[in-house]
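Please walk through this structure one contact surface at a time. Keep the sequence beside you as you read.

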Amino acid sequence: MIGRERMTVASQRLIAERTYELTLSGRLVQEMKQPGQFVHVKAAASADPLLRRPLSLCHIDHKQGQCTIIYRQEGKGTALLTQKQPGDVVDVLGPLGNGFPLEAAPAGGRALLVGGGIGVPPLYELAKQLTKRGVEVVSVLGFQTKAAVFYEEEFAAFGETYVATDDGSYGTAGRVTDVIEARSLEFDVLYACGPKPMLRALAERFPNRPVYLSLEERMGCGVGACFACVCHVPGSETAYKKICSDGPVFRAGEVVL
Amino acid sequence: MNRLAVELPGLSLKNPIMPASGCFGFGREYAKFYDLSVLGAIMIKATTKEPRFGNPTPRVAETPAGMLNAIGLQNPGLDKVLAEELPWLEQFDVPIIANIAGSTVEEYVEVAEAISKAPNVHALELNISCPNVKKGGIAFGTVPDVAAELTRLVKEVSAVPVYVKLSPNVADIVAMAKAIEQAGADGLTMINTLVGMRIDIKTGRPILANGTGGLSGPAVKPIAIRMIYEVSQAVSIPIIGMGGIQTAEDVLEFFYAGASAVAVGTANFVDPFVCPTIIAELPALLDGLGIGRISECIGRSWKTGAHAVHCRA
């Protein structure tokens, strides 16, 4: 059930360059189930900035009643969000969208998780839930530079973890696909979240394999009403999927990237 | 006595609050949040004869206290709206205002005739003011003679009253409103979005794939108020006002300017519960101001001041 709640900030910390880890408490956490779902956050009560910000769920803790979001400070809305202190409230709508299909990974099988930049966070909850189901998790995380790297150790707790940086300042120099190639990483199912060129490269490299991609687009409403975040379906001029409500996770080939 | 009730051609509204076209889809998404029967009416998404995909993404960009959109009238097409969306909406006790658009006059007429016969459609909203489509839309809404002729033709075939949605992107909105009234329109809805643009300072390119988009949200409210204030004094058909409404206070301001009902657009995106919240808050606001029925407020800003302030330059 989608709900709206003024959630309480439990903690906030800077974990990498312009990258913040924000933990929120509230009853809405009990509605959050699937990794890859997102929340729509209003950074300020005022009309400027007006719209909510779609932010993916990184960690869901039903016992503590807390969820964690990792976001990058990009503009006015996220800058305001960085100022939230423990005890402050944040207006949250969610959980929204359909996340990664866990059942696509067979128990005893192997899942390859590929994240790019601020696309890494939703893979953390995915790694957690897959591991719980007896799926082996291998993670490849791509960042622009060393200062942007976060959660390497957290992912390593679930299994083999590789980091790539565009500028070669940390881990493997190059892209996530270079790591997959160089290490000949095998998988039963691949889950990815990150910039579109990265997702496109993965879809092209592994055609006819179970590849699930989480897409991002500028959104208005986050619930499917405004038609801002649509994408084409292959072979049709008029058929479409809404990233916010049909996605954000799609099987590769289901939508035009 | 239902103090929120208002009567408009074709529309006996239990309250004057309705979601604006293009901001509510066909109601399915918001039906997950609340019972749509609480609404005064619903203005459904613009319907064209054929399905439309709309413009490339990105289609939205934020502005101070507003947003730009360039959706491009994406919709599933007349047949699907008649077969699936309108019948689905029949489960709610709420009149539907069907927003119609077209690329040609013939298309407008065809869609108007067909959709106006649907049992729960109580009125049409003629969309001649969408700034985001190359054919149709605003092209019909910026020349008074063209808008009037289209209004006349749609009136001839429509089984329900016709409201015409005015564009603010014109030099003389009063002249446009008068031409449309003379052509037989039953009412006006105003305002549609204002053409605007944002540019990404990193790339130097427009943020919207379409280049320009329509500005909506609280930023446009003063423009809507001014235009409704002017038009409502110049015509005798009712106006459904819209443009940046977020609160019960905003609703009253639109009524004072001359609106007889209002539509809430962008605010639905910010708060899915905004329409029922406004409906719930209106009675207390009226009490606080010593107002019995909301319909008493229509045009109060110029009716009470005998010396109506003429603000046009």
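What follows covers the domains of one chain, then the surface between two chains.

This is a predicted model, in which local features need pLDDT of at least 70, side-chain atom pairs count only at pLDDT 80 or more, and totals for chains, interfaces and linings use all residues. Residues are numbered from 1 along each chain as its sequence is written, chains are lettered from A and ligands numbered from 1 in the order in which they are written, and side-chain values use heavy atoms, with hydrogens and water left out.

Start inside chain A. Its domain assignment gives domain 1 (3-96), domain 2 (102-214) and domain 3 (217-250). Such bounds come from an automatic or database assignment. Take the pair formed by domain 1 and domain 2 of chain A. Their C-alpha centres lie 23 Å apart. Contact means heavy atoms within 4.5 Å. By that rule, 18 residues of domain 1 of chain A touch 16 residues of domain 2 of chain A.

How much area do domain 1 and domain 2 of chain A bury between them? About 1300 Å², with 61% of it on carbon and sulfur atoms. Buried area is the accessible area (1.4 Å probe) that two parts lose on being put together, summed over both. A salt bridge needs a side-chain nitrogen of Lys or Arg within 4 Å of a carboxyl oxygen of Asp or Glu. Between domain 1 and domain 2 of chain A, the rule finds zero salt bridges.

Now move to the surface between chain A and chain B. Here 32 residues of chain A are in contact with 35 residues of chain B. The area buried between the two chains is about 2700 Å², and carbon and sulfur atoms give 66% of it. In chain A, Leu50(A), Arg218(A) and Phe227(A) lose the most area to chain B, together 23% of what that side buries.

How many salt bridges cross the interface of chain A and chain B? The rule finds three. Arg53(A) forms a salt bridge with Glu62(B), and the closest N and O atoms are 2.7 Å apart.

Which elements of chain A give two or more residues to the side that touches chain B? They are strand S13 (230-232) and strand S14 (240-242) of chain A. Strands are DSSP runs (E, at least two residues), numbered from the N terminus. S13(A) gives the most to that side, with three residues.

Note on methods. Helix = DSSP H or I, 4+ residues; strand = E, 2+ residues; numbered from the N terminus.
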